[in-house]
Amino acid sequence: MNRQFLLDKRPLGRDLEYTDFKLVDSDVPSPGDGEVLVQVMYLGVDPAMKGWMENRADYVAPLEIGDLMRGNGIGRVIESNHEKFPVGAVVSGGFGWQEYAVSDGKNIPLNPVPEGVPPTAPLSVLGITGLTAYFGFLEVGLPKEGDVVLISGAAGATGSVVGQLAKLKGCSKVVGIAGSKEKCDFLVNELGFDAAINYREEDQAARVKELCPDGIDVFFDNVGGEILDIALENISDNARVVICGGISRYNLAGDIPGPKNYFNLVFRRARMEGFIVLDYAPRFGEAIAYLAKHVAAGDIIAKETVMEGFEQMPNALMALFAGENIGKQLVHIAD
Ligand SMILES: NC(=O)c1ccc[n+]([C@@H]2O[C@H](COP(=O)([O-])OP(=O)(O)OC[C@H]3O[C@@H](n4cnc5c(N)ncnc54)[C@H](OP(=O)(O)O)[C@@H]3O)[C@@H](O)[C@H]2O)c1
């Protein structure tokens with residue numbers, strides 16, 4: 001049988017629940033001409049999935065009640081009628097929340113997993129979150145040597161890569177904000193951040209001022225809300241505020257308050273800009289080559305948190321909102 005998770009309820013304006021998803025059994029599909037059957041080994045989860053469930057995201061096609069949950073995975077080809085993907089090939093692609101997927105190859109990028117990186121890297125550091133860090137930080141944040149960089153959601157899949165890129169680019173001070181002492185220790189001791197702020201236990205406004213007394217040159221925001229206001233209050237002249245995500249707002253609905261301190265952008269001649277990583281798709285190859293080289297060299301640590309078993313998929317997505325993950329949250333489905 002092929003177990004699948006379908007969208008059952010829209011979690012608009014509230015926390016996710018396991019029962020927002022429907023677990024169903026269906027027959028393992030058969031590949032037709034030019035198609036392959038993939039047994040899924042790992043699936044990744046992203047906060048954006050909640051927006052797709054609510055149909056709030058306008059940059060992807062709507063997800064209807066009863067649709068297969070959308071998502072990226074890694075799997076092995078177990079039947080093949082496609083010359084480019086022989087039986088046994090390990091492939092990554094948009095397989096959805098299911099144990100077996102038929103593909104005509106269009107959702108499977110042809111790049112093989114580069115040498116020297118973990119096999120799950122196409123879901124983490126070489127996947128959407130690593131690419132988001134790369135393009136959001138380098139193309140929108142435009143870091144310069146000596147810059148002071150502040151990152152919210154710093155111990156997550158995207159934030160952890162942004163901080164490491166900042167160190168590679170010669171930024172003078174990289175400060176991460178995360179939700180536990182364990183995460184803050186990880187950022188400083190394992191990833192080489194200069195400092196970390198535990199927003200659940202420390203006064204983050206006071207700590208940002210203390211750690212960035214001359215101002216923030218690049219603020220990479222995954223969280224929004226209060227921390228965005230704190231950062232805006234502390235930007236330096238010509239600062240770049242990168243709006244990558246706003247997970248603190250994803251469970252809210254209705255009139256969501258905007259940043260109070262936006263006018264400091266005027267006084268500081270600064271820029272605040274959002275982006276969608278998919279717009280950089282034509283350049284993904286360049287980013288993957290750069291990130292793979294630095295992962296293989298040990299300059300970038302590809303941290304992952306793995307849950308065991310297909311039935312954990314909803315819990316894995318909920319874990320992102322509870323801050324249980326360090327690095328990329330994955331689910332191991334099969335060997
Ligand atoms: N613009 C784009 O193209 C693009 C692409 C991909 C992702 N994104 C966005 O990038 C952000 C990070 O995504 P990711 O996949 O890398 O997820 P992630 O950072 O691995 O996981 C989410 C993290 O957010 C933190 N968090 C959850 N609720 C929070 C709250 N209420 N306040 C503060 N922090 C909270 C948690 O860490 P703590 O323990 O630290 O709270 C959690 O670990 C998301 O906002 C996502 O939507 C944007």
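This is a short tour of how the two domains of one chain meet, in a model that is predicted.

**Stop 1: the two domains.** Select residues 2–120 together with 303–332 and give them one colour; the domain assignment calls these two segments domain 1. Give residues 128–278 another colour, for domain 2. The centres of domain 1 and domain 2, taken over C-alpha atoms, are 28 Å apart.

**Stop 2: the interface.** Now look at where the two colours touch. On the side of domain 1, 22 residues are in contact with domain 2, and 19 residues of domain 2 take part in return. The area buried between the domains is about 1400 Å². Carbon and sulfur atoms give 61% of that area.

**Stop 3: three residues to show as sticks.** Select Tyr59, Phe321 and Ile326 in domain 1. These residues lose the most area to domain 2, and together they account for 31% of what the domain 1 side buries.

**Stop 4: polar and charged pairs.** How many salt bridges are there between domain 1 and domain 2? The count is zero. Polar contacts do occur: nine residue pairs across the interface are in polar contact, with both residues at pLDDT 80 or more.

**Stop 5: the helices on the domain 1 side.** Select helix H1 (48–54) and then helix H9 (313–322). Each supplies at least two residues of the domain 1 side that touches domain 2. H9 gives the largest share, three residues.

**Stop 6: colour by class.** Finally, colour the domain 1 residues that touch domain 2 by class: eight are nonpolar, five are polar and nine are charged. Charged residues are thus present on this side, although the number of salt bridges between the domains is zero.

Key: Residues are numbered from 1 along each chain as its sequence is written. This is a predicted model: local features need pLDDT of at least 70, side-chain atom pairs count only at pLDDT 80 or more; totals for chains, interfaces and linings use all residues. Side-chain values use heavy atoms; hydrogens and water are left out. Domain bounds come from an automatic or database domain assignment. Contact means heavy atoms within 4.5 Å. Buried area is the accessible area (1.4 Å probe) that two parts lose on being put together, summed over both. A salt bridge is a side-chain nitrogen of Lys or Arg within 4 Å of a carboxyl oxygen of Asp or Glu. A polar contact is a pair of N or O atoms within 3.5 Å; within protein, one must be able to donate a hydrogen and the other to accept it, and residues adjacent in sequence count only if both atoms are side-chain atoms. Helices (H or I, at least four residues) and strands (E, at least two) are DSSP runs, numbered from the N terminus. Ala, Val, Leu, Ile, Met, Phe, Trp, Tyr, Cys and Pro count as nonpolar, Asp, Glu, Lys and Arg as charged, and the others, Gly among them, as polar.
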